[in-house]
Amino acid sequence: MQYRYSGHSGLQLPVLSLGLWHNFGSVDRHENARAILLRAFEAGITHFDLANNYGPVPGSAEITFGRVLREDLATHRDEMIISSKAGYRMWDGPYGDGGSRKYLMASCDQSLKRTGLDYFDIFYSHRYDPNTPIEETMQALVDIVRSGKALYAGISNYPADKQVECYRYLADAHVPCVLSQYKANMLFTEKLEQNLPLAQQHGSGFICYSPLAQGILTDRYLNGIPEGSRAARPEGYLQREQITDELMAHVRKLNEEAKEQGLTLAQYALRYLLRQEGVTSVIIGASSVEQLDKNLQTISNL
Ligand SMILES: NC(=O)c1ccc[n+]([C@@H]2O[C@H](COP(=O)([O-])OP(=O)(O)OC[C@H]3O[C@@H](n4cnc5c(N)ncnc54)[C@H](OP(=O)(O)O)[C@@H]3O)[C@@H](O)[C@H]2O)c1
């Protein structure tokens, strides 16, 4: 594994991080989830990315992670960077969604209980909430850090102007934004153009999610939509309709380019992001140890 400093901080992250959005919920096989987590950690993936709502059911990915931590990795807590987030709808009523202090504080406590952790390494505001003053959301992050419930603060999915406001508020409070999390991949480069330079200017690390476009930038859909794939599963966020002929024609071209360089398409797509200046890490998902192992080979081709 290779590690990079997150922005101007002293925190190093593995270039490949593992996300638990899909494949770690209560609908998934625990033994498979456990095997992926253990293989990842063994390979030097020290960063695990969670959010309150990951599952399904929402919250169950944190429970899965907590169980593996307790049963298999309890003595390794200090070798890991574990993040969670609040921002999207998690529970009914006005306090289970958005960016209010009430929601972030309550959700952080719930996530700590589900994972069994004493603290998160990074706690994020998962999204910008236009109905909450940004000062309120950022002060909640500051207080979560000050109270010892997280070591660092992060933001995700904020539009560029709001992103900069967050950096300023957090810097003034001496809880600098350690990491900014945005969707980025070879098929979706907008955030690399808009948000990455701002993160760099303000000394924040930058971590890309869905680097494989949920599997589209792998060999998964080159010959149709296989059973068990994210696009085929009812709970998957990727919809069948998104796998269009036009898109796949483009993906096939990228696959040819990858082959010419002796890489798999997934490795080519991950390398593309990790070669962008200012990118700290990419958060990959995996539904099997085999996928993870193949993606890990990217490291030797950087
Ligand atoms: N901040 C946010 O708002 C936000 C939003 C989304 C995600 N995230 C974070 O980013 C993480 C990663 O997102 P993602 O799961 O969309 O990432 P991704 O790496 O783009 O997609 C992962 C999926 O691609 C397929 N795959 C991976 N490697 C493969 C290989 N070698 N060959 C064939 N198929 C392969 C698998 O799908 P199959 O199931 O089909 O096998 C896998 O589940 C999430 O877990 C979460 O932590 C954050």
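These notebook entries record what I looked up around the ligand and along one strand of a predicted model.

**Entry 1: the ligand shell**

I began with the residues around the ligand and found 31 of them. The closest are Gly19, Trp21, Tyr209, Gly215 and Gly285. I then asked which elements give two or more residues to this shell. They are β10, residues 281–284, and α10, residues 289–296. The largest share comes from α10, with three residues. Sorted by class, the shell holds 16 polar, 10 nonpolar and five charged residues.

**Entry 2: strand β9**

Tyr209 is among the residues closest to the ligand, and I noted that Tyr209 also belongs to strand β9, residues 205–209. Is this strand enclosed or open? I found that five of its five residues are buried, so β9 is largely enclosed by the rest of the structure.

I next looked at where the side chains point. In a regular strand the side chains alternate between the two faces of the sheet. In β9, Gly205, Ile207 and Tyr209 point one way, while Phe206 and Cys208 point the other way. I recorded that the residues on both sides are buried.

**Entry 3: the neighbours of β9**

Which strands pair with β9? Strand β8, residues 177–183, pairs with β9 in the parallel sense over five bridges. Within this pairing I located Ser180, whose bridge partner in β9 is Phe206.

Strand β10 also pairs with β9 in the parallel sense, over three bridges. Here I found that Cys208 has Val282 of β10 as its bridge partner. I noted once more that β10 is one of the elements giving two or more residues to the shell around the ligand.

Definitions and conventions. Residues numbered from 1 in each chain as written. Predicted model: local features only at pLDDT ≥ 70, side-chain atom pairs only at ≥ 80, totals over all residues. Near = placed C-beta within 6 Å. Helix = DSSP H or I, 4+ residues; strand = E, 2+ residues; numbered from the N terminus. Nonpolar A, V, L, I, M, F, W, Y, C, P; charged D, E, K, R; others polar. Buried ≥ 20, exposed ≤ 12 C-beta atoms within 10 Å, placed from the backbone. Pairing = 2+ DSSP bridges.
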